[in-house]
Amino acid sequence: MMVRRRNSVQTFIRTVIRLVILVPLLLLLVYSDFQNIAGAVLYGGSGDVTFRMVTAGLKTIFIFWLANLMANTVYILPQWERLILLRLGKSVGSRGPGLFLIPPFIYEVANIIDVRISTYEVKATKTLTQDNIPVDVTAAVELEIEDPEKAAINVKDFWKTTEWASMEALKSTIGRNNLRPLLSETEKIAKSLKADIDLVAQDYGVNVRAVRITDVGTPPALVEELAVIARAERSSKAKMIQAEAEVMVAESLAKASDILANNAGTMQLRQIQALLEMSKEESSTIILYPMDGLTGSEIAASTAAVYSKKK
């Protein structure tokens, strides 16, 4: 909408300039000639009618050419456009935004550049990675014009040239990497790709703001194989963690047994703690008796007999 409005205003101003030049000059230089030609044709006046008609036609063509030339000297540029100006074929820099009058013959407009940020997609299909796997990679490249003069003078079509450079850089980046980094280290790959495109685009006044890897397509069979490998790696890691935990538990038990064996008092405290834990069960019956001597053996035998009768 903004571009249409700007074009409408520019067209209106140019139309007004054409009318301002056309109407007075036609009335002053051509109107009388057409009157004489009409009188000679109608009333058989003297003079060469053909010569007068040719002269009037040449004057009219010249007036229209002059009006169009003066109207095309007016340029209205919005905030996002820059005009590249040439003076006698040599660049004199960029102009804009705003209203400009470009004198004809001496000055010439080389190009009008849009300096807004633009984004386009780059695709590399069936490109082999370093480990010989064909992949389809899609990347989004974000560009802006830093130097409009370079973009207009140093290259014929900066947009197409940058796009081709991006495609070549993407293929080269894929060929330098294995499949796994392309899938898991997309940010690192994108930075490397951005540096490669910047190296070429800076000669055209183009700045690569960002590169994003949007999609990496792999063969379905390869995806299944990678899934099997990932499951095997997860299983091996789980087993390693379990083994390390068992080693830690065994070491802790060994230290605890050494401490309990060397200190008699700590063993009694551990027995009391075990009794406290057992007493929390409501259905349990705890009988304490001495382990040594005849009395302890008799109590143990009688308790076992009572327990066997209940079963």
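1. The largest cavity of this predicted model holds about 30 Å³ of space, and the structure has one cavity of 30 Å³ or more. Its lining is formed by V137, P181, L182, E185, T186, I189, I213 and V216, and the elements that contribute two or more residues to that lining are α5 (179–184), α6 (186–201) and β8 (206–217). Sorted by class, the lining comprises six nonpolar residues, one polar residue and one charged residue.

2. Helix α6 deserves a closer reading, since the lining above already brings it in. The helix has 16 residues and reaches 22 Å from its first C-alpha to its last, close to the 22 Å expected at 1.5 Å a residue. Its buried residues are I189, A190, L193, I197, D198 and A201, and these pack against β7 (134–145), α4 (158–176), α5 and β8. I189 therefore appears both among the buried residues of α6 and in the lining of the largest cavity, where the cut-off for being buried is a relative accessible area under 20%.

3. Which residue in the buried set of α6 might a biochemist wish to inspect individually? I would look at D198, which has its place in helix α6 and counts as buried because its relative accessible area of 17% falls under the 20% cut-off. Leaving aside residues up to four places away in sequence, D198 touches V206, N207 and V208, and the range given for β8, 206–217, takes in these positions.

4. Helix α2 can be checked in a similar way. At 1.5 Å a residue, its 23 residues (49–71) should span 33 Å, and the C-alpha atoms at its ends are 33 Å apart, so the expected and the computed values agree. Within α2, the residues A56, T60, I63, A67 and A71 are buried. An α-helix has 3.6 residues a turn, so residues three or four places apart point the same way. The buried positions 56, 60, 63, 67 and 71 of α2 can be read with that spacing in mind.

5. One of these buried residues of α2, A56, also gives a reference point for helix α1. Y31 lies in α1, which runs over residues 2–43, and although Y31 and A56 are 25 residues apart along the chain, their C-alpha atoms are separated by 8.7 Å. Is Y31 buried, exposed or partly exposed? With a relative accessible area of 47%, Y31 is partly exposed, because that value lies between the cut-offs of 20% and 50%.

6. Two loop residues call for attention to their backbone angles. L88, in the loop between β2 (81–87) and β3 (90–95), has a positive phi of about 55° although it is not a glycine; its relative accessible area of 71% makes it exposed. F105, in the loop between β4 (98–101) and β5 (107–114), likewise has a positive phi, near 75°, in a residue other than glycine, and F105 is exposed at a relative accessible area of 66%.

7. Finally, some values for the chain overall. The secondary structure comes to nine helices and eight strands, and buried residues make up 26% of the 311 residues. Among contacts between residues at least 6 apart in sequence, 64% join residues that are at least 24 apart. The chain exposes about 21,400 Å², of which carbon and sulfur atoms supply 60%.

Key: Residues are numbered from 1 along each chain as its sequence is written. This is a predicted model: local features need pLDDT of at least 70, side-chain atom pairs count only at pLDDT 80 or more; totals for chains, interfaces and linings use all residues. Side-chain values use heavy atoms; hydrogens and water are left out. Helices (H or I, at least four residues) and strands (E, at least two) are DSSP runs, numbered from the N terminus. The expected span of a helix is 1.5 Å times one less than its number of residues. Buried means under 20% relative accessible area, exposed over 50%, partly exposed in between (1.4 Å probe, protein chains only). On a 1 Å grid over the protein atoms alone, a cavity is a set of points where a 1.4 Å probe fits but cannot get out, and a pocket is an open set with protein on both sides within 12 Å along at least five of seven lines; lining residues have an atom within 4 Å of a point. Grid points are joined across faces, edges and corners, and a volume is the space filled by probe spheres set on the points. Ala, Val, Leu, Ile, Met, Phe, Trp, Tyr, Cys and Pro count as nonpolar, Asp, Glu, Lys and Arg as charged, and the others, Gly among them, as polar. Contact means heavy atoms within 4.5 Å. Accessible areas come from the Shrake-Rupley method with a 1.4 Å probe; for residues, only the protein chains shown count as cover.
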